[in-house]
Amino acid sequence: MRACNQGMSPVGLRNLFPEAVFIGSDDYILLDCVTDVLRVNRGDAYVAIRGQKVDGHDLIPEAIKRGAGIIVAERMPENCSLISPQGGVIPLCIVEDSRFAYGKICQTLFRRPGDHLQLVGVTGTSGKTMTACLIAGVLGAAGHGVGMISTLGCFDGVDASYNISETPGPKRLASWLSRMYVNDCSHGVLEFSSMALHQERAAGLDFKSLCLTNVREDHLDYHGTVNEYRKAKMKIFEHMAEDGFAVLNADDVISAEVLNWLGIPALTYGVDESAEITGMIIEQYVSEQIALITAGGETVPLRTRIVGRHHLYNCLAAAAVGLGMGVSLPTIIQGIESVDVVPGRMERLECGQPFSVFVDYALTPDTLFHTLHSLLDVVEGKLICVFGSAGEQDAAKRARMGELVEKFSDVVILTDNNPGKESAERITEEILAGFRDPASVQICHDRVQAIHRALEQAEEGDCVFIAGKGNEKFQKIGDVMHKHDDREVARKWLYKNMVEVKSR
């Protein structure tokens with residue numbers, strides 16, 4: 001480990017944004033910047049950002065009152081004096097996109113740590129987290145020091161912070177990249193959601209490799225339309241390094257179309273379509289699967305404890321990134337096989353019970369379809385599904401989720417999943433609208449009791465699939481975050497009732 005953390009350094013705005021318009025000053029040297037007006041300290045740069053509910057430009061007077069040293073904004077504030085309470089003029093820096101400017105400032109404040117790392121960016125509708133973990137495994141097997149930022153948490157090569165649930169904001173992202181560099185990481189693997197890309201959280205970063213797993217439909221409550229969602233995903237390619245390369249899924253229609261306009265080197269992977277890296281499952285069980293991975297003229301077997309055709313795509317994506325970064329195929333297989341479990345992603349709970357229990361983060365119709373379909377291929381008995389749709393999110397997908405769960409499951413137990421301030425009964429009704437036979441559904445709003453009920457019904461050869469929360473450690477009801485972990489709930493019940501379970 002290097003002697004000390006890089007820390008933050010002063011940033012001159014004129015050099016950073018030569019095209020910006022400065023009013024009240026020719027330049028400004030800042031030591032920190034914020035977007036939350038309540039966090040403004042004397043001398044800070046306040047960056048005004050237009051949000052979905054609040055426009056930061058409307059809060060510029062409050063930022064000046066709190067001592068902001070300069071305002072970074074997209075326009076002149078209306079009916080606002082740029083005079084501080086002490087009578088001095090507060091400079092204004094007008095930029096084209098204040099979100100992008102904030103990200104770039106944050107990376108520069110931390111001395112652009114990403115420039116010292118080979119960065120891999122991963123985005124897509126599904127498979128992002130698993131693919132990021134596999135890529136980290138591949139690079140680690142090749143002897144590289146690897147840091148990672150994903151929805152599982154942040155890892156700087158030494159320390160980790162778990163359960164961040166979304167891509168960190170620009171300042172925290174820059175801080176973690178700085179820690180990776182300090183801890184002698186040579187590579188960083190970063191997962192980006194569509195919302196993070198839309199909010200320019202990747203600003204100031206250049207990626208050696210960018211992986212697009214697939215583009216379907218998600219987060220329409222945020223983006224509004226499928227087209228806007230897709231545009232957000234495509235923004236990641238604005239951050240490609242000059243010597244970088246893309247990794248694309250040849251079996252995904254949108255990903256394949258990207259090849260037509262991308263104009264940069266790309267590696268493709270697939271199962272059905274022609275691609276540089278291909279794979280085929282040859283044996284599949286409830287606890288593992290064996291596949292063949294082919295690249296060029298070389299074919300190598302892969303054994304993984306994470307099952308499903310969708311997981312084969314994750315493995316192929318990781319293999320493509322590894323090959324593009326000079327890792328041999330046998331080493332790539334070693335790295336993929338080293339990833340036995342990814343928390344909350346098709347995580348198999350083994351407590352000695354005679355049936356299977358899987359916990360997965362499946363939150364969308366797409367992820368539900370692929371995980372349930374994969375389980376059908378390996379489960380001998382009944383498939384018992386515990387699921388519910390999260391509150392305060394895209395309600396349009398709920399009926400479709402209900403339709404899929406009914407189609408692929410033998411027993412459905414509908415329960416709550418972070419309803420928040422939304423009515424749990426209303427969420428349930430919207431899910432039931434997708435069922436042909438709503439009367440067949442068991443409804444249990446208490447998620448703990450719903451999991452217990454599923455385990456009580458399971459017999460030898462059956463499978464209990466607990467969907468929607470993965471490795472989350474909370475249940476949001478109203479404004480209160482209650483301690484809850486699907487995996488711990490299931491494990492406790494299984495260990496407590498093991499004698500009864502084995503005697504069925």
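Asp360 keeps plenty of company in this predicted model: leaving aside neighbours within four places in sequence, Asp360 is in contact with Gly344, Arg345, Met346, Thr371, Phe465, Ile466, Ala467, Gly468, Lys469 and Gly470. Asp360 sits in strand β20, and that strand belongs to an open sheet of six strands. Here is a tour that starts from this residue and then moves to the sheet, the cores and a few other spots worth a look.

**Asp360, a buried acid**

- Asp360 is buried and yet has no salt bridge.
- Arg345 is the nearest side chain of opposite charge, at 6.3 Å, while a salt bridge needs the charged atoms within 4 Å.
- What does the side chain of Asp360 reach at 2.6 Å? The partner is the backbone nitrogen of Met346.
- Arg345 and Met346 both appear among the contacts of Asp360.

**The six-stranded sheet**

- The strand order is β19-β20-β24-β21-β22-β23, and the pairing is mixed.
- Which strands stand at the edges? They are β19 and β23 (residues 442–443); each has a single partner strand, so one side of each is left without a neighbour in the sheet.
- At the β23 edge, β22 and β23 run parallel and are paired over two bridges.
- Ile413 has Gln442 of β23 as its bridge partner.

**Helix α15 and its packing**

- Helix α15 spans residues 447–457, and its buried residues are Arg447, Ala450, Ile451, His452, Ala454 and Leu455.
- Those buried residues pack against several strands, β20 (356–360), β21 (383–387), β22 (411–414), β24 (463–467) and β25 (474–477), and also against helix α16 (486–496).
- At the start of α15, a side-chain oxygen of Asp446 comes to within 3.0 Å of the backbone nitrogen of Val448.

**Nonpolar cores**

- The largest nonpolar core has 69 residues, and those with the most contacts inside it are Val189, Leu368, Phe387 and Phe465.
- Helix α10 (residues 309–324) supplies the largest share of this core, with nine residues.
- Apart from this core lies another one, of 29 residues, including Cys154, Leu197, Leu210 and Phe237.
- Val189 touches Val120, Val122, Ala132, Ile135, Ala136, Leu139, Val146, Gly147, Met148 and Ile149, not counting residues up to four places away in sequence.
- Phe465, named above for its contacts inside the largest core, is also in contact with Asp360.

**Strand β8 and its two parallel partners**

- Five of the six residues of strand β8 (residues 118–123) are buried, so this strand is largely enclosed by the rest of the structure.
- Strand β12 (residues 187–191) pairs with β8 in the parallel sense over five bridges, and Val122 stands opposite Glu191 of β12.
- Strand β13 (residues 207–212) also runs parallel to β8, joined by four bridges; here Thr123 has Leu212 as its bridge partner.

**Strands β15, β16 and β17**

- Strand β15 (residues 266–270) and strand β16 (residues 277–284) run parallel and are joined by two bridges.
- β16 pairs with strand β17 (residues 289–295) in the antiparallel sense over seven bridges, and a hairpin of four residues joins the two strands.
- Thr278 of β16 is a handy landmark: Gly270 stands opposite Thr278, and Thr278 also stands opposite Thr294 in β17.

**Two loop residues: Glu350 and His57**

- Glu350 lies in the loop between β19 (347–348) and β20.
- Is Glu350 buried or partly exposed? Glu350 counts as partly exposed because its relative accessibility is 46%, and the buried class ends under 20%.
- The side chain of Glu350 makes a polar contact of 2.8 Å with the side chain of Arg305 and another of 2.8 Å with that of Arg348.
- Leaving aside neighbours within four places in sequence, Glu350 is in contact with Arg305 and Tyr495.
- The C-alpha atoms of Glu350 and Ser287 are separated by 9.9 Å, with their positions 63 residues apart along the chain.
- His57 has its place in the loop between β5 (45–47) and α2 (60–65).
- His57 counts as buried because its relative accessibility is 4%.
- A polar contact of 2.8 Å links the side chains of His57 and Asp55.
- Beyond residues up to four places away in sequence, His57 touches Ala48, Arg50, Ala73, Glu74 and Arg75.

Notes. Residues are numbered from 1 along each chain as its sequence is written. This is a predicted model: local features need pLDDT of at least 70, side-chain atom pairs count only at pLDDT 80 or more; totals for chains, interfaces and linings use all residues. Side-chain values use heavy atoms; hydrogens and water are left out. Two strands pair if DSSP finds at least two bridges between them. A nonpolar core is a set of buried Ala, Val, Leu, Ile, Met, Phe, Trp, Tyr and Cys residues joined through side-chain atoms within 4.5 Å. Buried means under 20% relative accessible area, exposed over 50%, partly exposed in between (1.4 Å probe, protein chains only). Contact means heavy atoms within 4.5 Å. A polar contact is a pair of N or O atoms within 3.5 Å; within protein, one must be able to donate a hydrogen and the other to accept it, and residues adjacent in sequence count only if both atoms are side-chain atoms. Lys and Arg count as positive and Asp and Glu as negative; His and the chain ends are not counted.
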